[in-house]
Amino acid sequence: MEYVWYVIAAIGAGIGTGLAGLSAATVMVPILIVLCPSFSGETGAYQATAIALASDILGSAVTTITYGKHKNIDLKRGWIMLTCILTMSTVGSYVAWLAGNVVLGNFTLFLTFFIGIRFLVKPDTSRENTVDKGEKLDLKGVAISLFFGLTIGFGTGFVGTGGGMMMLVVFTAFLGMELKTAVGTSTFIMTFTALIASTSHIIIHPTIILERWDVLLICIVVATTASLISAQFANRVKNRTVGLVTGVVLTALGAAMLILRLIF
């Protein structure tokens with residue numbers, strides 16, 4: 001039965017990545033730690049986090065390619081975030097190992113639920129006056145990028161997210177990117193952050209790849225396929241539609257996982 005949950009978790013993770021640039025951990029980690037008994041041990045949440053990060057690598061890559069084909073990537077306004085996030089993700093991975101299972105598990109459950117609510121309340125995160133693609137950052141933009149880049153980078157390693165949702169909010173609400181451009185830019189960054197953070201997790205806890213190779217393989221293949229399909233869909237519909245679909249999925253999933261967590 002656990003293998004069924006692996007597939008469901010990977011499909012949900014891929015859809016979240018392709019639709020809104022969400023990290024695989026947003027969906028995958030709660031399902032694994034709540035519904036899969038083999039992930040309930042002392043290092044269960046840490047292993048689930050590493051698997052989610054590994055699934056993010058190819059999932060984010062194919063999503064980036066899809067958004068790139070539609071010219072929805074803006075690295076001139078995202079390079080500072082990229083640099084800061086890459087720097088801090090390894091630090092976060094080590095702190096996550098010290099923090100333990102309870103902290104990681106409960107945090108991701110609440111994160112999933114509240115991100116879903118955020119999309120339902122405001123499906124389109126773009127502000128009215130967006131900037132042109134490729135426009136250089138001003139001093140305020142640089143300061144915002146440094147602050148959020150460092151904090152998101154730490155969170156990437158600690159919680160196991162690629163930082164997709166947080167980057168999405170920063171890019172749209174603070175740096176003026178259009179929603180689809182923000183998604184494409186964030187998934188580009190996530191491709192590299194997920195690679196670094198997952199490698200750090202595996203180096204710190206090598207038994208992940210030795211004992212969980214089958215889960216890794218299933219999740220990577222399924223999540224990548226789902227990411228590609230959902231990214232193609234997202235680039236063909238309105239921003240509001242993407243936000244509403246993402247909000248419904250995440251809110252329902254987060255609520256269900258929290259209820260199951262309380263029961264079991």
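**Close-up 1. Two helices share a nonpolar surface patch in this predicted model.** Helix 5 (101-121) and helix 11 (239-263) each put at least two residues into the patch. Its members are Ile 117, Leu 120, Val 121, Leu 244 and Val 248, and together they make about 400 Å² of nonpolar surface. Helix 5 gives the largest share, with three residues. Over on the other helix, Val 248 belongs to helix 11.

**Close-up 2. Helix 1 spans residues 2-20.** Count along it and you get 19 residues, with 27 Å between the first C-alpha and the last. That is close to the 27 Å expected at 1.5 Å a residue. Plenty of small side chains turn up in the view: the buried residues include Ala 9, Ala 10, Gly 12, Ala 13, Gly 14, Gly 16, Gly 18 and Ala 20. Glu 2, Tyr 6, Thr 17 and Leu 19 are also among the buried residues of this helix. Just past the end of helix 1 sits Gly 21, with a positive phi of about 70°.

**Close-up 3. Tyr 3 and Tyr 6 meet edge-to-face.** Searching the whole structure turns up five aromatic pairs. In the pair formed by Tyr 3 and Tyr 6, the ring centres are 5.2 Å apart and the planes sit at 75° to each other. The two tyrosines are about one helical turn apart, because they are three residues apart in helix 1. So how buried or exposed is each one? Tyr 3 is partly exposed, at 45% relative accessible area, whereas Tyr 6 is buried, at 3%.

**Close-up 4. Phe 188 and Phe 192 pair up within helix 8.** This is another edge-to-face aromatic pair, 5.2 Å centre to centre, with 65° between the planes. Both phenylalanines lie in helix 8 (residues 179-204), and their spacing of four residues is about one turn of the helix. Phe 188 has 21% relative accessibility, so it counts as partly exposed; the cut-off for buried is under 20%. Phe 192 is partly exposed too, with a relative accessible area of 38%.

**Close-up 5. Phe 39 joins a ring cluster and has an arginine over its face.** Back with the tyrosines of helix 1, ring pairs tie Tyr 3, Tyr 6 and Phe 39 into a cluster. Which residue lies over the face of Phe 39? Look for Arg 212, which is 3.9 Å from the ring centre.

How values were computed:
Residues are numbered from 1 along each chain as its sequence is written. This is a predicted model: local features need pLDDT of at least 70, side-chain atom pairs count only at pLDDT 80 or more; totals for chains, interfaces and linings use all residues. Side-chain values use heavy atoms; hydrogens and water are left out. Patches are made of residues with over 30% relative accessible area and no salt bridge: like charges are joined within 9 Å, nonpolar side chains (Val, Leu, Ile, Met, Phe, Trp, Tyr) within 5 Å. Accessible areas come from the Shrake-Rupley method with a 1.4 Å probe; for residues, only the protein chains shown count as cover. A salt bridge is a side-chain nitrogen of Lys or Arg within 4 Å of a carboxyl oxygen of Asp or Glu. The expected span of a helix is 1.5 Å times one less than its number of residues. Buried means under 20% relative accessible area, exposed over 50%, partly exposed in between (1.4 Å probe, protein chains only). Rings of Phe, Tyr and Trp (its six-membered ring) pair if their centres lie within 6.5 Å; planes under 30 degrees apart count as stacked, over 60 as edge-to-face and the rest as tilted. A charge sits over a ring if NZ of Lys or CZ of Arg is within 6 Å of the ring centre and within 35 degrees of the ring normal.
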